[in-house]
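Student: I would like a close look at a single part of this model. Please take the largest pocket and follow it into the elements around it.

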Amino acid sequence: RQRGVAAELVQDQPVLAGREFDYLFSVGWLHLLPDALLRRARRGSFNFHDGPLPRYAGLNATSWALMAGERQHGVTWHEMTAEVDAGRVARQVLFDLAPEETAFSLNARCYEAGFQSFRSMLADLSDLSGGELRLVGQEGPRSYFGRHDRPVALGTLDWQQPAARLAALARGLDFGSYANPLGVPKLWLGGDNVLLARLARAARGVLDDAEQAHARMAGGQHV
């Protein structure tokens, strides 16, 4: 506001009353915007999504990708339509995942990639570039993760699974100091659940660094 930029305190849905605009960009807004608002953008409405589309549509894309054992992730700027995360793609950036990537670290990387790709979109929109974004349809298999989707067995560790899969589950549920919308890994101990703070793949098995119990479990591919 001090720099003359209009600002609006959003209680339920943004209104942007009395304002005209060519483009509408949505970043970090986790709700559907009304069609009436989208139609007011004369040249297009675009959303930042923290995952590669159409493979990881919906919420918490970074966590689901890590829990699935993906080795590559990305971000997508896409046209906003009536169907969630289904519009044409204006920009998509892919990058490799670090071996010990967590939801916390991957979220940060996604926002950085989103910022850099937004800058490149602005360059395309300049008069010198013709002022248009090249939009392409989404291709490939689509998956969607809703607000109430949760990991299998609510994140309870299954020791019949490979150690790498258990570690991927824990890393996908590691949000650092931020609010965790999915849950934490759980170790079933004959009627009691122990909530694990971290589960890392060790050279010969799995090391769990628990809040309530500390134990080293050595093994090979399975533990």
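Tutor: The model is predicted, and the largest pocket in it has a volume of about 1,000 Å³. Its lining is made up of 34 residues; those nearest the centre of the pocket are Leu30, Asp50, Leu59, Asn60 and Tyr111. By residue class, the lining of the largest pocket comprises 19 nonpolar, 11 polar and four charged residues.

Among the elements that supply at least two residues each to this lining are strand S2 and helix H3, residues 103-125. Helix H3 makes the largest contribution, five residues.

Strand S2 can be followed further. The strand spans residues 41-49, and seven of its nine residues are buried, so S2 is largely enclosed by the rest of the structure. Here buried means under 20% relative accessible area. S2 has pairing partners of both senses. With strand S1, residues 21-26, S2 pairs in the parallel sense over five bridges; in this pairing Phe21 stands opposite Ala41 of S2. With strand S4, residues 72-79, S2 runs antiparallel, and four bridges join the two. Phe48 has Trp77 in S4 as its bridge partner.

Helix H4, residues 163-172, can be described by the same burial criterion. Eight of its 10 residues are buried, so H4 too is largely enclosed by the rest of the structure. The buried residues of H4 are Ala163, Leu166, Ala167, Ala168, Leu169, Ala170, Arg171 and Gly172.

Key:
Residues numbered from 1 in each chain as written. Predicted model: local features only at pLDDT ≥ 70, side-chain atom pairs only at ≥ 80, totals over all residues. Heavy atoms only, no water. Buried < 20%, exposed > 50% of the residue type's maximum accessible area, 1.4 Å probe, protein only. Pairing = 2+ DSSP bridges. 1 Å grid on protein atoms, 1.4 Å probe; cavity = no way out; pocket = protein on both sides within 12 Å on 5 of 7 lines; lining within 4 Å. Points joined across faces, edges and corners; volume = space filled by probe spheres on them. Nonpolar A, V, L, I, M, F, W, Y, C, P; charged D, E, K, R; others polar.
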